Amino acid sequence: KNNKNYAAEAELELSLKEKSDYCPAHALLGKIARSEKNYDKALRHFKEGTLGTCYNLPEMHYLKGIALIDLGKYPEARLVLKELNLKFKDDPYTKLSMKKLLEIEDKQGSTEVSLDTLPSSQKKILEEIEDVEYESVKF
């Protein structure tokens, strides 16, 4: 809030050294990096923020999708945002992600990524999502 990003980053990095899966630190570091237009760094933090204990936080998946859009990785962003919609159906981030999906469609047309072109880990996740309805876990 006081525009002391460098000091904030140092404190947040210290907190991650103590607890590497501290979700708020990843979210804030990603947001700071994004505000500085360092999209690769932002994506790295948002990806970290979707692992471990942070996995069930819709905001982190949404931010990951936004960072992918910032980098022009639209097919991957589509997958992340669609997965968010499947896992967290009633969350406010679902509405936001639907808007972003429409924006991507407007920019890129409606070209879909074939399931055959995905890495096996993503195929497995999508297949599991089709079989199971997820609910958001609140921390």
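Let's start in the loop between helix 2 and helix 3, where you'll find Lys 37. This is a predicted model, so keep that in mind as we look around. Lys 37 is exposed, with a relative accessible area of 60%. Have a look at its backbone, too: phi of Lys 37 is near 65°, which is a positive value in a residue other than glycine.

Now zoom out to the whole chain. What kinds of elements is it built from? There are seven helices and zero strands. If you walk along from the N terminus, the order reads α-α-α-α-α-α-α. The chain has 139 residues, and 35% of them count as buried. On the outside, the chain exposes about 8900 Å², with carbon and sulfur atoms supplying 52% of that area.

How do parts of the sequence meet in the fold? Take the contacts between residues at least 6 apart in sequence: 53% of them join residues at least 24 apart. A few individual residues will show you what such meetings look like.

Begin with the sulfur atoms. How many disulfides does a search of the whole structure find? It finds one, and the partners are Cys 23 and Cys 54, with their sulfur atoms 2.0 Å apart. Cys 23 sits in helix 2 (residues 23-35), while Cys 54 is in the loop between helix 3 (39-48) and helix 4 (58-70), so the pair ties together parts that are 31 residues apart in sequence. In case the term is new to you, a disulfide is a covalent bond between the sulfur atoms of two cysteines. The link of Cys 23 and Cys 54 is left-handed, with -105° about the S-S bond. Are these two cysteines buried or exposed? Both Cys 23 and Cys 54 are buried.

Next, move to helix 3 and pick out His 45. The relative accessible area of His 45 is 9%, and because buried means under 20%, this histidine counts as buried. Which residues does His 45 contact, leaving aside its neighbours within four places in sequence? They are Glu 13, Leu 16, His 26, Leu 29, Gly 30 and Met 60. Of these partners, you can find His 26, Leu 29 and Gly 30 within helix 2 (residues 23-35), and Met 60 within helix 4 (58-70).

Helix 4 is also the place of Leu 68. Leu 68 is buried, with a relative accessible area of 0%. Not counting residues up to four places away in sequence, Leu 68 touches Leu 43, Lys 73, Glu 76, Ala 77 and Val 80. You can also check the spacing between Leu 68 and Tyr 39: they are 29 residues apart in sequence and 8.2 Å apart in space, C-alpha to C-alpha.

Val 80, one of the residues touched by Leu 68, takes us to our last stop, the largest pocket. Rolling a probe the size of a water molecule over the atoms shows where empty space is left. The largest pocket has a volume of about 360 Å³. It is lined by 14 residues, and those nearest its centre are Lys 64, Val 80, Glu 83, Gln 122 and Ile 125. Which helices each supply at least two residues of the lining? They are helix 4, helix 5 (74-87) and helix 7 (120-131). Sorted by class, the lining has six nonpolar, four polar and four charged residues.

Conventions
Residues are numbered from 1 along each chain as its sequence is written. This is a predicted model: local features need pLDDT of at least 70, side-chain atom pairs count only at pLDDT 80 or more; totals for chains, interfaces and linings use all residues. Side-chain values use heavy atoms; hydrogens and water are left out. Helices (H or I, at least four residues) and strands (E, at least two) are DSSP runs, numbered from the N terminus. Buried means under 20% relative accessible area, exposed over 50%, partly exposed in between (1.4 Å probe, protein chains only). Contact means heavy atoms within 4.5 Å. Accessible areas come from the Shrake-Rupley method with a 1.4 Å probe; for residues, only the protein chains shown count as cover. A disulfide is a pair of cysteine sulfur atoms within 2.5 Å. On a 1 Å grid over the protein atoms alone, a cavity is a set of points where a 1.4 Å probe fits but cannot get out, and a pocket is an open set with protein on both sides within 12 Å along at least five of seven lines; lining residues have an atom within 4 Å of a point. Grid points are joined across faces, edges and corners, and a volume is the space filled by probe spheres set on the points. Ala, Val, Leu, Ile, Met, Phe, Trp, Tyr, Cys and Pro count as nonpolar, Asp, Glu, Lys and Arg as charged, and the others, Gly among them, as polar.
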